[in-house]
Amino acid sequence: MDNANQIHIPIEISARHVHLSQRLVNILFGKGHELTPDKTLSQPTEFRCEERLDIVGPREIIHSVAVLGPTREHTQVEIALTDARKLGLNPPVRESGNHEGSASCRLVGPAGEYELDDGVIVAHRHLHCNSAEAEQLGIKNGDIISVEVKDSLRPVIFEDVIVRVKDTFSLSMHVDTDEGNAAGLTPDSYGVIFR
Ligand SMILES: [Zn+2]
């Protein structure tokens, strides 16, 4: 496993963003509207859209939040804990797609607004890879691992990183803006598995 611990894992910061169902695209951007891809992301099936919307919480509003495509079955809002404090929300730290008991907010788009009962989460830090990369790293889907951050401004070992293996994924660890700043990530930073 010595070699596996030397493999450089790219670390990417996911800024706050929203995944929308087509039903909510219709409400927020107009009936029949289709999301407009703006930028491809490291996970090839996902893209950032030109569309932006506002997240309204009991305390404040965060404007011009990115929408990620393609549309999903369930709308999901992913924010950092700093965003949650600003908005006045108390979302749980969750894996994507697990919305039970998650927080609510109001979403405001150019064509309408929507009171979202649940779906606001702080994303649980995770690592994407395909099965060949998983084998090289000696990990499997669902594992909980620790990743040591190298060449950052502040030394950090991220524990409790969930491994997600899928053959459409490419190797990268996703953290949010709070986590990225806690580690002082720079473009030179990378992770290695800490055992
Ligand atoms: Zn991810």
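## Zinc site and fold of the protein chain

In this predicted model, the zinc ion takes its protein donors from His126 (NE2), His128 (NE2) and His174 (ND1), which lie 2.0 to 2.1 Å from the ion. Along the chain the donors follow the spacing H-x1-H-x45-H. Histidine 126 belongs to strand S10 (residues 126-129) and histidine 174 to strand S13 (residues 172-176), so the pair ties together parts that are 48 residues apart in sequence. Histidine 126 and histidine 174 are buried.

Strand S10 is covered on both faces. His126 and His128 are buried on one side, and Leu127 and Cys129 are buried on the other.

The pairings of S10 with two strands, and the residues that stand opposite histidine 128, are listed below.

| Partner of S10 | Sense | Bridges | Opposite histidine 128 |
|---|---|---|---|
| S12 (residues 157-165) | parallel | 4 bridges | arginine 164 |
| S13 | antiparallel | 3 bridges | serine 172 |

The protein chain as a whole contains 4 helices and 14 strands. A compact globule of 195 residues would have a radius of gyration near 16 Å, and the 17 Å of the protein chain agrees with this. The C-alpha trace spans about 55 × 30 × 30 Å along its principal axes.

Of the 195 residues in the protein chain, 48% are buried. Among contacts with a separation of 6 or more, 69% are between residues 24 or more positions apart. The exposed area of the protein chain is about 10100 Å², and 47% of that area is supplied by carbon and sulfur atoms.

Note on methods:
Residues are numbered from 1 along each chain as its sequence is written. This is a predicted model: local features need pLDDT of at least 70, side-chain atom pairs count only at pLDDT 80 or more; totals for chains, interfaces and linings use all residues. Side-chain values use heavy atoms; hydrogens and water are left out. Donors are N, O and S atoms within 2.8 Å of the metal (3.2 Å for Na, K and Ca); water is not among the atoms, so sites may look incomplete. Helices (H or I, at least four residues) and strands (E, at least two) are DSSP runs, numbered from the N terminus. Buried means under 20% relative accessible area, exposed over 50%, partly exposed in between (1.4 Å probe, protein chains only). Two strands pair if DSSP finds at least two bridges between them. The radius of gyration is taken over C-alpha atoms; the globule rule is 2.2 Å times the number of residues to the power 0.38. Contact means heavy atoms within 4.5 Å. Accessible areas come from the Shrake-Rupley method with a 1.4 Å probe; for residues, only the protein chains shown count as cover.
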